[in-house]
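Hello,

Here is the structure I said I would pass on. Please have a look, then read my notes below.

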Amino acid sequence: PERLAAEPASAAPGRQVSWRRSAPGGGESDARSRAPGEAHQPGTRGHGGEQRADATAGDSASRQSAGEGGPSRARVLVADDNADRRDYLTRLLRPHWDVDAVGDGEAAWEAIRHRPPDVLVSDVMMPRLDGLGLVLRARADPATTQLPILLLSARVGEDARVEGLRTGADDYPVKPFSGEELVARIEKQLMRARLGSLRENVPLL
């Protein structure tokens, strides 16, 4: 019969013990007992060497980071004719949401009609169609009357802010602003939109 002999004969508590397995043919193989409290390592096998089974965990982490298996991410449309600022906004917002970016108001309107975003972040001063004109067009279309819109402007002062809000913008961040502030403002608009949608779906008693 097969026998196991500990080597050394006694081991201090908490240490891993090495064993010699005496097979009927006289050969020996190694087996190891885990120290008390040591967790079993899943996916570890001993047939010609140990193998680690991390592929499944890695694939699962990749799927989670890519958003698979979870709720779909909100989509933000950025409209800005300044390429550097457009790239900056895309990099800033992409860790939080899916982002599309265009270079003017007309391109933004075409993108909105093709696939309405969850939030529009638009510069005020743009060629072809500026931000104020884009807001007016969106508010005149029944499909986009409730679209959250943030207008970015370098125009300071109460008059400029009031003009933007009266046009129909939901928020009017004034440049320069911090990236953290803009992310917080977008989060606020998304939350308001979700709450509004929930109210509309609540039946009247």
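Start with helix 2, on the side turned away from its buried face: the exposed residues there are D84 and R91. Bear in mind that this is a predicted model. The helix spans residues 83–93, and its buried residues are R86, L89, T90, L92 and L93. Viewed down the axis of helix 2, these fall within an arc of 165°, so they line one face of the helix. The N-terminal end of helix 2 has a cap, N82. A side-chain oxygen of N82 lies 3.1 Å from the backbone nitrogen of D84.

Helix 5 can be read in a similar way. Its buried residues are A160, G164 and T167. Down the axis of helix 5 they fall within an arc of 65°, so they too line one face. What do they pack against? The buried residues of helix 5 pack against helix 4 (131–140) and strand 9 (149–152). The face of helix 5 turned away from that buried side carries E158, D159 and R166, which are exposed.

Next comes the end of helix 5. G168 follows the helix, and its phi is positive, near 130°. This glycine sits in the loop between helix 5 (158–167) and helix 6. Which residues does G168 contact, leaving aside its neighbours within four places in sequence? They are V135 and R139. G168 and L132 are 36 residues apart in sequence, yet their C-alpha atoms are 8.5 Å apart in space.

Now the salt bridges. The count comes to 11. Here are some of them.

- D100 and R75: the closest N and O atoms are 2.4 Å apart. This pair links distant parts of the chain, with D100 in strand 7 (residues 98–102) and R75 in strand 6 (residues 75–79), 25 residues apart. D100 is partly exposed, with a relative accessible area of 33%. R75 is at 7% relative accessibility, and since buried means under 20%, R75 counts as buried.
- R85 and D80: their side chains meet in a salt bridge of 2.6 Å, N to O. D80 is buried, at a relative accessible area of 0%. R85 is partly exposed, at 25%.
- R185 and E181: their side chains meet at 2.9 Å, N to O. Both are in helix 6, 4 residues apart, so about one helical turn separates them. R185 is partly exposed, with a relative accessible area of 23%. E181 is partly exposed as well, at 29% relative accessibility.

One group goes beyond a pair. D80, R85, D123 and K175 are linked in a network of salt bridges. So when you look at R85 and D80, look at D123 and K175 too, because the network includes them.D104 deserves its own paragraph. It is found in the loop between strand 7 and helix 3 (105–114). Is D104 buried or exposed? D104 is buried, with a relative accessible area of 13%. Its side chain has a polar atom 2.8 Å from the backbone nitrogen of A107. A polar contact of 3.1 Å also joins the side chains of D104 and R128. Not counting residues up to four places away in sequence, D104 touches A79, M126, P127, R128 and L129.

Last, the surface of helix 6. Which residues form a nonpolar patch on the surface? They are M191, L195 and L198. Together they have about 290 Å² of accessible area. L195 lies in helix 6, which covers residues 179–201. L195 is partly exposed, with a relative accessible area of 40%.

To recap, here are some places to find on the display:

- the buried residues of helix 2, which line one face;
- the buried residues of helix 5, packed against helix 4 and strand 9;
- G168, with its positive phi, just after helix 5;
- the salt bridge between D100 and R75, which joins strand 7 to strand 6;
- D104, with R128 among its polar partners;
- the patch of M191, L195 and L198.

Best wishes

Technical notes:
Residues numbered from 1 in each chain as written. Predicted model: local features only at pLDDT ≥ 70, side-chain atom pairs only at ≥ 80, totals over all residues. Heavy atoms only, no water. Patch = residues over 30% accessible without salt bridge, like charges linked within 9 Å, V, L, I, M, F, W, Y side chains within 5 Å. Areas by Shrake-Rupley, 256 points an atom, 1.4 Å probe, with all protein chains shown as cover. Salt bridge = Lys/Arg side-chain N within 4 Å of Asp/Glu carboxyl O. Helix = DSSP H or I, 4+ residues; strand = E, 2+ residues; numbered from the N terminus. Buried < 20%, exposed > 50% of the residue type's maximum accessible area, 1.4 Å probe, protein only. Contact = heavy atoms within 4.5 Å. Polar contact = N/O pair within 3.5 Å; in protein donor to acceptor, adjacent residues only side chain to side chain. Arc of directions from axis to C-beta.
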